Amino acid sequence: MKKELLQLFEQAREEFKNTASSDTKAQEQWRSLYLGRKGKISEMAKHMKDLSSAEKKEIGKIFNEGKKELEQLLGGEVGAQKEVAIDMTIPGVAPAIGHVHPITQVMDTVVELFVGMGFDVAEGPEVELSKYNFDLLNIPKDHPSRDMWDTFYVNHGSSSEDVVMRTHTSPVQLRAMEDKEPPVRLIVPGRVFRNEATDASHETNFYQIEGLVIDKGIGVPDLVGVLQAAMKGLYGDDTEIRLRPSFFPFVEPGFEIDVSCKLWEAKTNGKKWLEILGAGMVHPTVLKNMGVDPNEYTGFAFGMGLDRLMMLNHGVDDIRLSYTGGLPFVRQF
Ligand code: PHE
């Protein structure tokens with residue numbers, strides 16, 4: 001076996017010499033033939049077990065040294081070649097890592113801010129009974145927002161059991177209060193749907209964050225204080241809010257709230273006030289529908305459009321860009 005082994009090494013060395021050092025394919029073939037897992041050397045090593053222990057010692061030594069020498073041959077050649085073949089200074093290919101959508105980023109920031117003020121987060125279904133979306137919110141049957149043009153009906157009859165794609169996050173006010181007692185401080189982030197003719201500022205699908213606070217002695221100053229703190233938290237201490245009277249059937253009094261901040265002013269060519277929120281004191285009828293005594297408790301609610309915030313933050317001028325799924329858009333944020 002000793003002779004055969006020496007012959008094998010000799011043969012391998014000879015063959016290697018005849019392989020051009022630039023021919024990596026031939027070198028690999030050679031490596032596989034001799035040094036591979038099923039190569040000639042491994043095959044021969046299998047017979048070692050039949051040898052006496054003295055022979056094993058001697059042959060084993062030849063075997064190890066020979067193998068090492070062949071590996072070095074290869075290492076030297078290939079190693080020398082590698083220095084040329086791999087240029088360590090070429091920049092690598094960065095792995096593609098995704099990130100959350102800009103609307104989700106805004107949502108996360110706003111949620112975090114209100115959670116910091118002691119609010120809990122509640123959620124509700126996107127496909128909703130019209131009882132929650134309208135009736136319990138004091139929105140009567142003949143209100144324009146119930147019109148087929150405003151609402152996607154999943155099935156349209158004339159009962160409160162109609163199923164709609166929710167048109168706002170306000171129904172969750174009612175759902176959440178089914179198993180809660182005041183005092184409550186809730187926010188509800190979520191997706192809402194309206195049957196709109198789409199354009200740069202209207203989409204059939206958008207996102208809102210609802211807020212609901214109910215406790216003893218809650219008044220408009222609390223609403224103003226919380227929203228002012230939230231907006232300052234989001235956009236800095238010089239951010240201002242402004243209330244304008246408005247009408248929503250589920251609040252009394254109701255307001256539209258405008259916000260002014262330096263970031264947006266810069267993105268909108270100096271436009272100062274931008275309407276971001278609907279808000280108001282929870283209507284006594286709605287409190288009753290929640291099982292809350294309006295003589296004992298009062299509360300405020302607000303709803304803000306997240307798409308709008310995202311667009312203002314980044315100076316995006318078309319809401320539809322958010323929903324195209326186009327990577328060139330989302331990669332900017
Ligand atoms: N749900 C209203 C809307 O979508 C916003 C709102 C919420 C207004 C809460 C007042 C109170 O327009």
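This is a short dialogue on reading the ligand site and the sheet of a predicted model.

Biologist: What should I know before I start?

Modeller: The model is predicted; local features need pLDDT of at least 70, side-chain atom pairs count only at pLDDT 80 or more, and totals for chains, interfaces and linings use all residues. Residues are numbered from 1 along each chain as its sequence is written, and side-chain values use heavy atoms, with hydrogens and water left out.

Biologist: Which residues come nearest to the ligand?

Modeller: A residue is near a molecule if one of its heavy atoms lies within 4 Å of it. Here 13 residues surround the ligand, and His168, Ser170, Arg194, Gln208 and Gly303 come nearest.

Biologist: What classes of residue make up that shell?

Modeller: Ala, Val, Leu, Ile, Met, Phe, Trp, Tyr, Cys and Pro count as nonpolar; Asp, Glu, Lys and Arg as charged; the others, Gly among them, as polar. The shell has six nonpolar, five polar and two charged residues.

Biologist: Which side chains have an N or O atom 2.9 Å from a ligand atom?

Modeller: A polar contact is a pair of N or O atoms within 3.5 Å. The side chain of Ser170 has an N or O atom 2.9 Å from a ligand nitrogen. Arg194 offers a side-chain N or O atom 2.9 Å from a ligand oxygen. For Gln208, a side-chain N or O atom is also 2.9 Å from a ligand oxygen.

Biologist: How much of the ligand does the protein cover?

Modeller: Accessible areas come from the Shrake-Rupley method with a 1.4 Å probe. On its own the ligand has 330 Å² of accessible area, and the protein covers 90% of that.

Biologist: Which strands supply the shell?

Modeller: Strands (E, at least two residues) are DSSP runs, numbered from the N terminus. E6 (205-215), E9 (274-282) and E10 (298-305) each supply at least two shell residues. E10 gives the most, with three.

Biologist: In what order do the strands lie in the sheet?

Modeller: Two strands pair if DSSP finds at least two bridges between them. Seven strands form an open sheet, ordered E1-E5-E6-E10-E9-E8-E7, with mixed pairing. E1 (120-121) and E7 stand at the edges with a single partner strand each, so one side of each lacks a neighbour in the sheet.

Biologist: How do E5 and E6 pair?

Modeller: E5 (residues 184-193) and E6 pair in the antiparallel sense over 10 bridges. Arg185 has Val213 in E6 as its bridge partner.

Biologist: And what joins E7 to E8?

Modeller: A hairpin does, through four residues. E7 (residues 240-246) and E8 (residues 251-260) run antiparallel, joined by seven bridges. Arg242 stands opposite Asp258 in E8.

Conventions. A polar contact is a pair of N or O atoms within 3.5 Å; within protein, one must be able to donate a hydrogen and the other to accept it, and residues adjacent in sequence count only if both atoms are side-chain atoms.
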